Amino acid sequence: MLDYLVIGLGLAGISFCEQLEQYGKSYRVISDHSQTSSSVAGGIYHPVVLKRFSLVWEAEKQLRVALPYYTALERKLGIPLNYKTPILRRFESVDEQNQWDEARNNPSLQSMLAPRNPTHQNKHLYAPYGYGELMGMGRIDTNSLLKSYANYLHQKGRLLKATLDHKRLHIAPDSFTYGSLKARHLVFTTGFGLKENPWFNYLPLTGNKGEYLIIRSPDLQEQHIIKGSIFCIPMGGNLYRIGATYDREDKTPHPTTRAKTELQLKLGEFLTCGYTIEDQVAGIRPTVADHQLLAGTHPEIARMYLLNGLGSRGVMMAPFAAKFLYEHIAFDRLIPPEINLARFEGKWRKIRG
């Protein structure tokens, strides 16, 4: 019998698998790669909510877990993942300059927000009010991570590339059986696919669609990540990732003309040189009604667990939350109430009558 059966292999699934490997647990993963939000994500990690100049929940603790985690994955997979690219916040008004200066007086933000940067010059970027630099930030190459980790699991014989048929999952008091696989614990990390899960679909996973353009611009020659109304993320080879959109209505996984037009209009606000569109990608972010993630145990089924709702900050939150969930299972560690899915047990009771 396996120790764990993990369903889904996005950022959450990989993070939980790494916990299992750290503790020498046996496991298998079932994934059909149908949920693309991790693979199309910008991968930027920064702990500051730039609209309000406030810290993300447990931001410093998340970074203390995440950065060594990605360094270890780089060694394990033999590929670069963490690109410590500076992030420049493009100011759109004097008010935004003043907000930045005020935020720097906050002791919790001083190590992350540098003094305003009037010296950065790129003639192809329109920024009359200058920039502020976020320090110690960067991006994770999520696409390379997902592909390399799936290949790693395949070589180890731990990955079943298939769509889980919920009706074929047999639940016993002491185990879960799916075909020839039998495990003591079952963990769902399926992103927006949670909506099709008969055991957890009571949870208020709303989801929002994000789309990016991949552009080529030989003249731009920008090494910083630029953050305005959208991100401009250098990817090397004169390629840049532009985005993303936030659409709470459209839950289809396909790129749209509407998003393409929106991104081009916003890009035109600050990019003054030519470019060509090389690609457009889309994915549904697994977001929750209260803007926190979901981690914990099913309210009735013992040893059935969930890790989901990472939203747009998955690269920071996934390693942190996976550690909490594993230690909750293995060592009875309490999951913080802010992220514990037990906060929605009232919804479960109402459905169950």
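In what order do the 7 strands of the open sheet stand? In this predicted model, the order is S8-S7-S15-S16-S17-S14-S18, and the pairing within the sheet is mixed. The edges are occupied by strand S8 (131-134) and strand S18 (276-285). Each of these has a single partner strand, so one side of S8 and one side of S18 remain without a neighbour in the sheet. Neighbouring strands are turned against each other by 25° on average, when direction is ignored. In general, the strands of a sheet pair through backbone hydrogen bonds, in either a parallel or an antiparallel manner.

Within this sheet, strands S15, S16 and S17 follow one another in the strand order. Strand S15 comprises residues 225-227 and strand S16 residues 231-236; the two pair in the antiparallel sense over 2 bridges. A hairpin of 3 residues leads from S15 to S16. Across this pair, Lys227 is placed opposite Phe231 of S16.

On its other side, S16 is joined to strand S17 (residues 239-243) by 5 bridges, and these two strands also run antiparallel. S16 and S17 likewise form a hairpin, with 2 residues between them. In the turn, Gly237 has a positive phi of about 65°. Two residue pairings illustrate the register of these strands: Ile233 stands opposite Arg241 in S17, and Gly236 has Leu239 of S17 as its bridge partner.

The sheet is also contacted by a helix. Helix H5 (residues 257-267) packs on the sheet and touches strand S14 (208-216), S17 and S18. The direction of H5 makes about 60° with that of S14. Of the strands touched by H5, S18 is one that stands at an edge of the sheet.

A contact between two helices was examined as well. The axes of helix H1 (residues 11-22) and helix H2 (residues 59-77) come within 12 Å and cross at roughly 75°. H1 is therefore roughly perpendicular to H2, because angles of 65 to 115 degrees are counted in that class. H1 contributes Ile14, Ser15, Glu18 and Glu21 to the contact, whereas H2 contributes Tyr69, Leu73 and Lys76. Classified by residue type, the contact of H1 with H2 has 3 nonpolar, 1 polar and 3 charged residues.

Note on methods
Residues are numbered from 1 along each chain as its sequence is written. This is a predicted model: local features need pLDDT of at least 70, side-chain atom pairs count only at pLDDT 80 or more; totals for chains, interfaces and linings use all residues. Side-chain values use heavy atoms; hydrogens and water are left out. Two strands pair if DSSP finds at least two bridges between them. Helices (H or I, at least four residues) and strands (E, at least two) are DSSP runs, numbered from the N terminus. Axes are lines fitted to C-alpha atoms, for helices over the stretch in contact, and angles run from 0 to 180 degrees between N-to-C directions. Angles under 35 degrees count as roughly parallel, over 145 as roughly antiparallel, 65 to 115 as roughly perpendicular and the rest as oblique. Contact means heavy atoms within 4.5 Å. Ala, Val, Leu, Ile, Met, Phe, Trp, Tyr, Cys and Pro count as nonpolar, Asp, Glu, Lys and Arg as charged, and the others, Gly among them, as polar.
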